[in-house]
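Biologist: Please walk me through one part of this model in some detail. I'd like the second chain, from its overall make-up to any enclosed space it helps to line.

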Amino acid sequence: MWTFLATEVLFFGGLFAGYTVYRYLDPPAFATGSRQLDVTLGAINTGVLLLSSLTMALAVNSAQTDRKKQTVGFLAATLALGLVFLGIKFDEYRHKFEDRLVPGRNFALERLLHARSQEPAGVVGTIVKLGPHRVAIERGGNLAVFAATDKTRVTVNGRAAGVRDLAVGQALEIVAPPDRASADSLRAVSPRAEMFFSFYFAMTGFHALHMLIGVGVVVVVAIKAGRGRFSSLYYTPVEMTGLYWHFVDIVWVFLFPLLYLIDWHP
Amino acid sequence: MSTHVASRSVYYATFAALLILLLLTLLAARFDLGRLSLAVAMLIAVVKAALIVVYFMHVRHGSSLVRAFAAAGFLWLAILLTLAMADYLTRDAATETTGGGGALREQKPPSVSPWAKRSAVEKSSRVPPR
């Protein structure tokens, strides 16, 4: 079993080596790609998988000590946690498809980033007075004045920021324009970030495939355990399944920080 | 196959340590440690993997043969990564005139949010009381 796991280490090792080289060649692209992933879901999935490793270890322990009911119970718990992991992973994949972040002809990270930068950055306050070059707003009893270059732009921090049409009594709502430099850098980084998503889908995809196989094996072993095929004298299949399951867990332990946490700003 | 039966408390303790390390890796990722952040994240991941291999996978009480095979996979992976990066990390030095791997690197674009210091702006431009 350990020989098989050594070959598995090298199977994933090739992906990790490719990842290492391409991340070294282009750190900003990988950081941009990584920021599109959902750290909360990734962290929950890590916890789910670690817990499933605990239940798997307890299942092996139960088999070693002739506790048949507990063996089946812990295997069922492992199975359920494995399915929860796959469900969350499926949901993440669905969002990536919806956002068109799957590498290929329809990869549209630039469009997504551009659309996000156009989203209203929030209501600053209510406009109380409007001069030719200034706009006074009120928020929570405080007054503030911004320089206004025309009816759709105000200056904040020395930068022009787009707003909805200015009118007294209305909310001053900021629509941050992508400034020219950042629009250019979006255009430059997007195609390069596609490589990050290729690695994301290849690595998590092969990991999910291993999880699927693991789920199938756990079902078979749980049924056999239920039929009383294992005892403290013979529990090798349970132990081998455990080794495989823990290995798949270890792969995720490395994937989570490498894919989700490159440049995390919650 | 190991014949040693570990106490369940060992498994609970290992799981607790793994969860603490997961929180630690999240905490470390929130701080900008620069080039260290990757090293810290990988160090934590290696410790987590070691805990799983040693306790969950019973290598602690495994035979020498099991230990040798468990180590072999990681040893070969280390060779793969070391040799691959020995190439890329030294390309700049070896081919200074043509650029090499570092040529693709680019400065991180500056933060585009003009609102980072909004409160400071409002304070400085507040309408004086009449």
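Modeller: Contact means heavy atoms within 4.5 Å. By that yardstick, 51% of the contacts in chain B with a separation of 6 or more are between residues 24 or more positions apart. Bear in mind that this is a predicted model, where local features need pLDDT of at least 70 and side-chain atom pairs pLDDT 80 or more, while totals for chains, interfaces and linings use all residues. Residues are numbered from 1 along each chain, chains are lettered from A and ligands numbered from 1 as written, and side-chain values use heavy atoms, without hydrogens or water.

Chain B has 5 helices and 0 strands (DSSP runs numbered from the N terminus: H or I, at least four residues, for helices; E, at least two, for strands), so the sequence reads α-α-α-α-α. Of its 130 residues, 29% are buried, meaning under 20% relative accessible area with a 1.4 Å probe, protein chains only. Chain B exposes about 8600 Å² (Shrake-Rupley, 1.4 Å probe), and carbon and sulfur atoms supply 67% of that.

Now the enclosed space: there are 2 cavities of 30 Å³ or more (sets of 1 Å grid points where a 1.4 Å probe fits but cannot get out; lining residues have an atom within 4 Å of a point). The largest holds about 70 Å³, counted as the space filled by probe spheres set on the points. Chain B brings Val53(B), Met57(B), Phe69(B), Ala70(B), Gly73(B) and Phe74(B) to its lining, facing no shortage of partners from chain A, including Trp2(A) and Phe247(A). Helix α3 (64-89) of chain B supplies at least two lining residues, as do α1 (2-25) and α7 (236-260) of chain A.

Key:
Buried < 20%, exposed > 50% of the residue type's maximum accessible area, 1.4 Å probe, protein only. 1 Å grid on protein atoms, 1.4 Å probe; cavity = no way out; pocket = protein on both sides within 12 Å on 5 of 7 lines; lining within 4 Å.
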